[in-house]
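Visitor: I have a two-chain model to go through. Can we take it piece by piece?
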Amino acid sequence: MKGLLKKDLYMTWAYSKMFIVLLLFFFVLSFFVKDSLFFLAYPMIIVSMLPVTMQSYDERFKWNVYCDALPLTRAQVVSEKYLLSLLYCGAVLLLLGVVRGAVLLIQGQSAAFFDLLSVLILFGFVGPALILPFIFAWGPEKGRLAYLIFIGAVCAATVLLMNRPLAQTERFGSRPIDVLLALILGALVFAASWILSIRLYQKRAL
Amino acid sequence: MNAFEIKGLKKCYPGFELNLDLALPQGCILGLIGENGAGKTTAIKLLLGMSRPDAGSVEVLGHPVDDSFAPVREEIGVVLDEPAFPDCLTAAQVGGVMRDIFRSWDADEYARLLEKLALPADKKFKDYSRGMKMKLSIAVALSHGAKLLILDEPTSGLDPVVRDEVVELFSEFTRDEGRSVLISSHIVSDLEKLCDYVAFLHKGELLLCREKDALLADYGLVLCTKEQLESLPVTAVSKVSESLFGVTALIRRDQAPEELSVIPVGLEDLFVTMIKGVEK
């Protein structure tokens, strides 16, 4: 698996340098904007999609087929993408959450700090956890489409079932307990997604 | 011991069915010959556990090809019909990645092969020619102490000089008696130079699998007229093809009349006549 990680790090550096520039740009920008949550959450969304991008490249180069001929199991191939996700999101969480969070704490904005952490954790865990099973089951193109349909259906169902505006849920995130809840919820969704992706990818004919 | 053994294997796709019984004795080179779509790649995927058979069993290097097969691939060097490295990686980076995938990766051997095959280590894969890409795949397959090489069309798209270099590398590989090679190709001349055994695959069925020299010694070609063909014993004539210049008959030498002038047959003619020829 170390070899796969190394390959993806080379590929990220070659194909996704712009993401890193973008991330730093949003990070710096967040210091100058009053409501900076969007500017801090957006880089996390971008970074959490990097493993999906890497999987798309793998399929384009037929590396995924070649992996089947190497001493690797499909479970290892899937697990590496989830590990990559944790690495990237962990790095962003460290940069944005800790560095930017420390500034917020110094400024006495503890609620904003917890907000930031909750949002970063949820986006970091839940974003890739939702899309990766689709990608491993059907490939990047069909997987992305299935993911969009799924997200659309979930949003529609939420609005219909809750019968109230989504804005009311925005109170979540500003207390320390919310950070813990986000962490537990994110980790559970992430782990379930990881197991599901392994099962789906093992069944897929390449 | 056999390097691999395929028994009663069956794999069905819409419009295609592969039925195969095949074995490769250890230390030998087996050439799998077949036209496009004959089932060569399907057979190779089943051997590597990349695909599951509908029936039958496959054993490679003494291990059944099942869910626990992945570690056995440590001992198998593979070249697929299309080199599949990421475009942005250099040969040096490919080596670095493979070092962490294969426990027995031999970095010195890889460096030696890159030099021998004139592959620049710092050039990106996307900037390699088709021949260089294939040579890089071959260098990887030969750099982790494999006992079995499985090569799917490794010489296709290569110029004659590169093909000759590559064929020489495979010959070199089997100088160690414990090593075996399965090579599929429709460039029959390469296989003729290299193989101990040949297997003909046609529309998913195995036409024959024989020792190459014995096969070439057993068969011959006779160029004659239709009238002359009629005078030949039915048991001696395997297949017949007609052209503007007369009839070409594939003859079993042991059953042909002694006075008959029989031309030695090459693998390519043998294969083509077997596929395209008709029974007498």
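Guide: Yes; keep in mind that this is a predicted model. A place to begin is helix H2 of chain B, residues 91-99, whose buried residues are B:Ala91, B:Gln93, B:Val94, B:Gly95, B:Val97 and B:Met98.

Visitor: What do the buried residues of H2(B) pack against?

Guide: In chain B they pack against helix H3 (107-116) and helix H4 (130-141), and in chain A against helix H1 (2-15).

Visitor: How many residues does each chain put into the contact?

Guide: Chain A supplies 21 residues and chain B supplies 23. On the chain B side, H2(B) has the largest share, with 4 residues. That side divides into 15 nonpolar, 5 charged and 3 polar residues.

Visitor: Next topic, the largest nonpolar core. Which residues touch the most other members?

Guide: The core has 135 residues, and those touching the most other members are A:Leu120, B:Leu47, B:Ala139, B:Ile150, B:Ile183 and B:Ala199. Helix H7 of chain A, residues 110-138, gives the most to this core, with 17 residues. From chain B, domain 1 (2-203) and domain 2 (217-276) each provide at least three residues.

Visitor: What is B:Ala139 in contact with, leaving aside neighbours within four places in sequence?

Guide: B:Tyr110, B:Leu113, B:Leu114, B:Leu117 and B:Leu119.

Visitor: And A:Cys89, buried or exposed?

Guide: Buried, because 24 other C-beta atoms lie within 10 Å and the cut-off for buried is 20 or more. A:Cys89 sits in helix H6 of chain A, residues 74-106.

Visitor: What does A:Cys89 touch, not counting residues up to four places away?

Guide: A:Met44, A:Val47, A:Ser48 and A:Gly124. A:Pro71, 18 residues apart from A:Cys89 in sequence, is 28 Å apart from A:Cys89 in space, C-alpha to C-alpha.

Terms used:
Residues are numbered from 1 along each chain as its sequence is written. Chains are lettered from A and ligands numbered from 1 in the order in which they are written. This is a predicted model: local features need pLDDT of at least 70, side-chain atom pairs count only at pLDDT 80 or more; totals for chains, interfaces and linings use all residues. Helices (H or I, at least four residues) and strands (E, at least two) are DSSP runs, numbered from the N terminus. A residue is buried if 20 or more other C-beta atoms lie within 10 Å of its own, exposed if 12 or fewer, and partly exposed in between; C-beta atoms are placed from the backbone. Two residues are in contact if their C-beta atoms, placed from the backbone, lie within 7 Å. Ala, Val, Leu, Ile, Met, Phe, Trp, Tyr, Cys and Pro count as nonpolar, Asp, Glu, Lys and Arg as charged, and the others, Gly among them, as polar. A nonpolar core is a set of buried Ala, Val, Leu, Ile, Met, Phe, Trp, Tyr and Cys residues joined through C-beta atoms within 7 Å. Domain bounds come from an automatic or database domain assignment.
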